[in-house]
Amino acid sequence: KPITDITIIAPSLICEKDSIQFTHNFPENMGVTWQWEFPNGNTNNNRIPPKQLFPSPQTNSVVNLYTNWNGCLDTATLLLTVNRKPQPNVQPKNSMICVGQSQILTATDGATYEWLTNYNISNTQISAPRVTPVKDTMYVVKVTNTIGCSEFDTAFIKVTPRYRDWE
């Protein structure tokens, strides 16, 4: 029979490369030993372990083994799902245009797109906007997938003057 209802407190759905804190609902003065086992391969003996980084998608259990001063053991588990982040892969990554020309930038792998560089851009909420910068510009996009995981990517546009502008 379990000692008490010990519960791991942490989100059960996260995105890859997220770092999260795990804790539990058990009183500080009740435990003698703690053993945390994480699906990223880490273990820890602290009552509250350090934040854990999950670099790749997976579904697995976080386990907290607790032993009280009487030597009684209890276990709490949390099924953790680490979801894949989108891979925006903006194209072209680097390009050169002349003043007055435009370029279409294309980001992929998302449900929503947010171009954070709001400078001479046709639409900041689509995957493939047309940009017409008049100076060198780094465009940054935030891509979010249907699960809610986000990733950023960039494209650099070098703008050169037309021949007549050099005279």
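Two strands pair if DSSP finds at least two bridges between them. Strands (E, at least two residues) and helices (H or I, at least four) are DSSP runs, numbered from the N terminus. The exercises below concern a predicted model, in which local features need pLDDT of at least 70, side-chain atom pairs count only at pLDDT 80 or more, and totals for chains, interfaces and linings use all residues. Residues are numbered from 1 along each chain as its sequence is written, and side-chain values use heavy atoms, with hydrogens and water left out.

**Exercise 1. Describe the pairing of strand β9 with β8 and with β2.**

Step 1. Strand β8 covers residues 58-68, and its pairing with β9 is antiparallel, over 10 bridges. Within this pairing, V63 stands opposite T77 of β9.

Step 2. Next, consider the connection. β8 and β9 form a hairpin with 4 residues between them. In the turn, G71 has a positive phi of about 85°.

Step 3. The pairing of β2 with β9 is parallel and rests on 3 bridges. Here L13 faces T81 in β9.

**Exercise 2. Determine the strand order of the open sheet of 4 strands, and identify its edges.**

Step 1. The order is β10-β15-β14-β12, and the pairing is mixed.

Step 2. The edge strands are β10 (94-98) and β12 (112-115), each of which pairs on one side only.

Step 3. From one strand to the next, the twist averages 25°. For such angles, axes are lines fitted to C-alpha atoms, for helices over the stretch in contact, and angles run from 0 to 180 degrees between N-to-C directions.

Step 4. At the β12 edge, 4 bridges join β12 to β14 (residues 137-144), and these two strands run antiparallel. T112 has T144 in β14 as its bridge partner.

**Exercise 3. State how many salt bridges the whole structure holds, and explain what some of them connect.**

Step 1. A salt bridge is a side-chain nitrogen of Lys or Arg within 4 Å of a carboxyl oxygen of Asp or Glu. Side chains of opposite charge can pair when their charged atoms come close. The search of the whole structure finds 4 salt bridges.

Step 2. One of them joins D109 and R84, at 2.9 Å from N to O. D109 lies in the loop between β11 (103-104) and β12, and R84 in the loop between β9 (73-83) and β10, so the pair ties together parts that are 25 residues apart in sequence. For exposure, buried means under 20% relative accessible area, exposed over 50%, and partly exposed in between (1.4 Å probe, protein chains only). D109 is partly exposed at 30%, and R84 is partly exposed at 36%.

Step 3. K93 and D153 also meet in a salt bridge, at 2.6 Å from N to O. Because K93 lies in the loop between β9 and β10 and D153 in strand β15 (residues 150-160), the pair ties together parts that are 60 residues apart in sequence. K93 is partly exposed at 31%, whereas D153 is buried at 15%.

Step 4. A further salt bridge links K158 and D136, at 3.3 Å from N to O. K158 belongs to strand β15 and D136 to the loop between β13 (130-131) and β14, so the pair ties together parts that are 22 residues apart in sequence. K158 is partly exposed at 37%, and D136 is partly exposed at 36%.

**Exercise 4. Locate the cis peptide bond at P92 and the positive phi values of K17 and N89.**

Step 1. Most residues other than glycine have a negative phi, and most peptide bonds are trans.

Step 2. The cis bond joins Q91 and P92, with omega about -10°. P92 is placed in the loop between β9 and β10.

Step 3. N89 is found in the loop between β9 and β10. Its phi is near 45°, and N89 is partly exposed, with a relative accessible area of 45%.

Step 4. K17 has a phi near 70° and lies in the loop between β2 (13-15) and β3 (18-20).

**Exercise 5. Characterise the overall form of the protein.**

Step 1. The protein has 1 helix and 15 strands.

Step 2. Its C-alpha trace spans about 90 × 25 × 20 Å along the principal axes.

Step 3. The radius of gyration, taken over C-alpha atoms, is compared with a globule rule of 2.2 Å times the number of residues to the power 0.38. A compact globule of 167 residues would have a value near 15 Å, but the protein has 25 Å.

Step 4. Buried residues make up 36% of the 167 residues.
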